[in-house]
Amino acid sequence: MAGHITRLATRPTFPNSVEWSRNNQIAVVTWNAIYIITQQWNNGTKETWRTSIIAHKRETELDVDTDEHIKASDVLRDGFRCAAWSPIMWSSANGCLLATVNMLHTVSVWRSAGDPRTSNWMRIQVLSEPTHTQGGPLAISIAWSCLAQGHPLQQPFSLIAVGAKDGRIHLWRHSEDLAEHCGQIVAHETAFVTMLSWSTWRATSGTSAFCYLASSGSNGSVKIWKIAASTVEPVPPELSCHAIVVNHSSRAANLLKFHHNMTDSRARLAICVNNVITVWLEGDADADQSGALLEFTLPITSGVGGLIWGSGGDEIRVYTVDGQGFILALQEGPSGAVIELIEDFTLNIRKDVLSSPDALTIGGDEDDEESSDMETSDESANQLQFFGADTSANACFDAFCLVYKLPSTMTYRTDKNSLSFLAIRPMFSENEEFDAELIQRIETILPRTDLGLQWTSLNLINDVVQYCINDLTQWNEVEDTFFYRLMKTIYMANVKSGDTILSTYEDVHETNSLFPTFIANLFNNRHDFSQRLSNFVCVHLKAANREDVQAYAKSLLANNLKQSLYAYVVQCIRLVDRFLDLTHEPLSNNDMLFMAHLTDVCVAHSADIPDRGFMSLLQSIHQKLERRDAERYETWSLRPSFPSDQTRTGEAPLLPAREKCPACADPIRISSPWKAVCPNGHMWHRCSATFSIICSPAVLTCLGCNRKVLQADSSGITSEISRRITRCIYCGCCLYNPTGLLEPV
């Protein structure tokens with residue numbers, strides 16, 4: 001599969017300018033523009049969406065320019081220094097947030113106003129807006145940690161680290177779309193904090209977790225801090241200096257990056273100072289707390305522009321400022337672990353980049369004479385520079401920002417005499433060994449209990465889907481494809497995990513804890529998450545240019561959707577039953593309609609739902625509703641009916657018409673939980689959460705399968721369910737607000 005190149009209007013200024021989010025978006029930080037790019041493959045076709053955030057001189061006014069880029073009105077004073085993506089946010093309906101630091105030392109948090117792939121971005125919070133007169137911290141670096149959660153029922157949180165010129169690191173605890181200052185570290189007393197990086201969180205108990213924070217000072221020192229935090233109460237985290245790793249260089253590290261592993265392996269940190277790469281390996285907590293240091297000197301004269309960890313943490317891909325690329329490996333030698341040079345892929349990457357037709361056309365004019373000067377000669381290759389790199393979830397694709405200097409008499413580079421691009425390049429090799437490594441990786445991460453919390457299907461397996469599409473062309477039989485092997489692997493993980501219910505509803509004694517229990521059982525369930533991964537793959541493979549693959553994917557998807565529906569229905573029945581036990585308030589009309597739809601779905605699919613205890617529980621709910629308000633119960637015709645002769649013959653029971661067509665007012669029965677069709681042929685989407693007909697723009701839409709959740713404006717069960725479900729119950733992707741009419745929840 002060929003790579004893809006997107007032309008950028010402005011050039012990056014600092015190394016490490018590329019960040020790949022967990023919502024499958026790539027942010028490229030340049031001096032006066034931050035580009036937010038979403039790349040996707042549909043049936044082998046490249047699709048790229050590009051949007052941006054708008055910022056002016058002091059970020060006091062937000063406006064959209066014609067190019068939809070983040071602009072700084074005064075490039076001599078203002079501009080963007082760095083940015084950091086948040087983890088996937090459960091409290092926000094728009095995926096990941098973005099934190100930025102500008103040249104005026106203002107730290108802002110942004111979210112997309114609608115579809116994160118195409119909509120504008122709006123600032124939702126300013127963490128620090130210092131002034132010289134007030135003596136506030138002058139922020140120059142930032143990093144955003146992964147989510148930390150000790151117990152599935154507790155609200156997850158993350159930490160934002162902001163490095164300042166006074167040598168301090170300010171920590172902000174972010175939860176439910178709000179960041180609060182929770183502490184600071186005097187990291188480098190006589191130096192600027194130039195670079196920050198977080199490791200992944202590791203739980204120490206049910207109520208606490210820890211991670212590492214690495215900081216680089218302008219005096220050349222690098223320190224690693226062990227951050228321990230309570231996962232129950234928003235108390236300030238416990239801070240301790242774990243180790244001083246590098247303190248022998250007079251120059252600051254130009255890049256720090258932890259390996260973000262999906263397993264519980266020990267932390268690994270890469271530190272780049274000029275052309276020297278130092279790797280810190282976490283030591284044994286009982287034996288060697290300082291860890292081990294490995295060092296390697298690259299054969300270059302310039303520094304490292306971007307660095308990428310391989311998926312297993314044993315490989316490092318390096319992109320240098322002078323346009324070279326190297327692959328390093330951590331291997332066991334006679335005297336311990338060492339770093340070795342495995343491959344110099346400079347020539348390959350230059351050939352791919354400079355010969356790509358996208359480099360001449362994307363973002364530029366067809367008659368742009370400057371672009372025609374970009375050739376694959378040795379002289380042209382020497383004009384390349386790399387200013388940042390990051391990789392997809394499974395390290396199948398690398399994204400790197402490159403600058404190509406056009407022929408000019410000027411000795412320095414500007415936007416006028418250079419071309420800037422974001423290149424996305426496949427890094428996999430099409431062989432059985434790579435297939436086995438990828439399958440082993442998926443088998444390793446699927447048993448994780450927090451898989452549904454930390455990742456969505458779009459982030460976790462999107463690059464694997466792209467690899468599946470590329471692999472289809474090599475085989476004649478479906479059973480020989482990597483797609484078939486992947487589905488088999490997910491299915492086996494699904495079978496082994498079982499129905500992993502994290503908390504029973506009988507243990508909940510307050511309504512405030514009832515709905516968090518519902519969400520935890522719904523999305524932190526390994527069995528259901530494996531099902532959603534399979535659904536996501538099938539949705540994107542059913543459009544492949546092969547009829548046999550289409551048939552296989554559609555067959556799997558049809559069965560998987562039913563299983564996901566049944567799992568959701570059972571959870572809803574358990575939720576409603578416990579809700580009626582905890583409160584004696586009458587149900588709203590929306591709740592009564594939801595109960596009616598839930599009953600109809602159970603009646604229509606009673607023979608297929610594997611949980612045989614759900615029917616007695618449903619009958620118990622109806623008895624409670626009838627005792628509570630017999631008149632309304634009869635008005636809504638809630639009483640279920642199961643004719644024995646229809647059940648034996650397999651005939652579908654005739655369900656009552658509970659809704660009217662919004663177009664012609666004809667009655668509509670719930671013949672399908674996903675769509676509604678009236679006798680006149682008018683077709684409507686049904687809400688994935690409440691099964692109601694959608695005829696309002698107040699909806700959230702899934703990024704993966706386009707299913708929708710209607711946002712209720714009343715109180716009660718329906719409102720709480722629709723408010724708290726911010727991921728698709730069928731494919732596990734984030735839901736976004738396509739219209740921009742809804743406030744973040």
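**Figure 1. A three-stranded open sheet with the order E35-E34-E36.** In this predicted model, the three strands of the sheet pair in the antiparallel sense. Strand E35 (708-710) and strand E36 (735-736) are found at the edges, and each has a single partner strand, so one side of each lacks a neighbour in the sheet. If you look at where E34 meets E36, you will find two bridges joining these antiparallel strands. One residue to pick out here is Cys702, whose bridge partner in E36 is Leu735.

**Figure 2. Helix H15 and its packing partners.** Helix H15 covers residues 717-724, and its buried residues are Ile717, Thr718, Ser719, Ile721 and Ser722. What do these buried residues pack against? Their partners are helix H8 (511-523), H10, helix H11 (589-604) and E35. You have already met E35 in the previous view, as one of the edge strands of the open sheet.

**Figure 3. Tyr568 and Phe691, one aromatic pair in close-up.** The whole structure holds 16 aromatic pairs. In the pair shown here, the ring centres of Tyr568 and Phe691 are 6.3 Å apart and the planes meet at 65°, so the arrangement is edge-to-face, a class that calls for an angle over 60 degrees. Tyr568 belongs to helix H10 (residues 547-582), while Phe691 sits in the loop between strand E33 (683-685) and strand E34 (699-702), so the pair ties together parts that lie 123 residues apart in sequence. Are the two partners buried or exposed? Tyr568 is buried, with a relative accessible area of 1%, and Phe691 is buried too, at 0%.

**Figure 4. An aromatic cluster and two charges over rings.** Four residues, Tyr319, Phe345, Phe386 and Phe400, make up one aromatic cluster. Elsewhere, the charged end of Arg173 sits over the ring of Phe157, 3.7 Å from the ring centre. For Arg707, the charged end sits over the ring of Tyr730, and the distance to the ring centre is 4.9 Å.

**Figure 5. Strand E11, covered on both faces.** Strand E11 runs through residues 158-164, and seven of its seven residues are buried. On one side the buried residues are Ser158, Ile160, Val162 and Ala164; on the other they are Leu159, Ala161 and Gly163. Which strands pair with E11? Strand E10 (residues 139-144) does so in the antiparallel sense over five bridges, and Ile142 has Val162 of E11 as its bridge partner. Strand E12 (residues 168-175) also pairs with E11 in the antiparallel sense, here over six bridges. Within that pairing, the bridge partner of Ile160 is Trp172. Three residues lie between the strands in the hairpin of E11 and E12, where Gly167 takes a positive phi near 85°.

**Figure 6. The second largest pocket and its lining.** This pocket holds about 970 Å³ of space. Its lining consists of 35 residues, and those closest to the pocket centre are Ser311, Gly312, Glu315, Phe434 and Glu437. Which element gives the largest share of the lining? That is H4, with eight residues. The elements that each supply at least two lining residues are strand E24 (315-320), strand E25 (325-333), strand E26 (336-344), helix H1 (346-354), strand E29 (418-426) and helix H4 (432-445).

Key. Residues numbered from 1 in each chain as written. Predicted model: local features only at pLDDT ≥ 70, side-chain atom pairs only at ≥ 80, totals over all residues. Heavy atoms only, no water. Phe/Tyr/Trp six-rings, centres within 6.5 Å; stacked < 30°, edge-to-face > 60°. Helix = DSSP H or I, 4+ residues; strand = E, 2+ residues; numbered from the N terminus. Buried < 20%, exposed > 50% of the residue type's maximum accessible area, 1.4 Å probe, protein only. Lys NZ or Arg CZ within 6 Å of the ring centre and 35° of its normal. Pairing = 2+ DSSP bridges. Contact = heavy atoms within 4.5 Å. 1 Å grid on protein atoms, 1.4 Å probe; cavity = no way out; pocket = protein on both sides within 12 Å on 5 of 7 lines; lining within 4 Å. Points joined across faces, edges and corners; volume = space filled by probe spheres on them.
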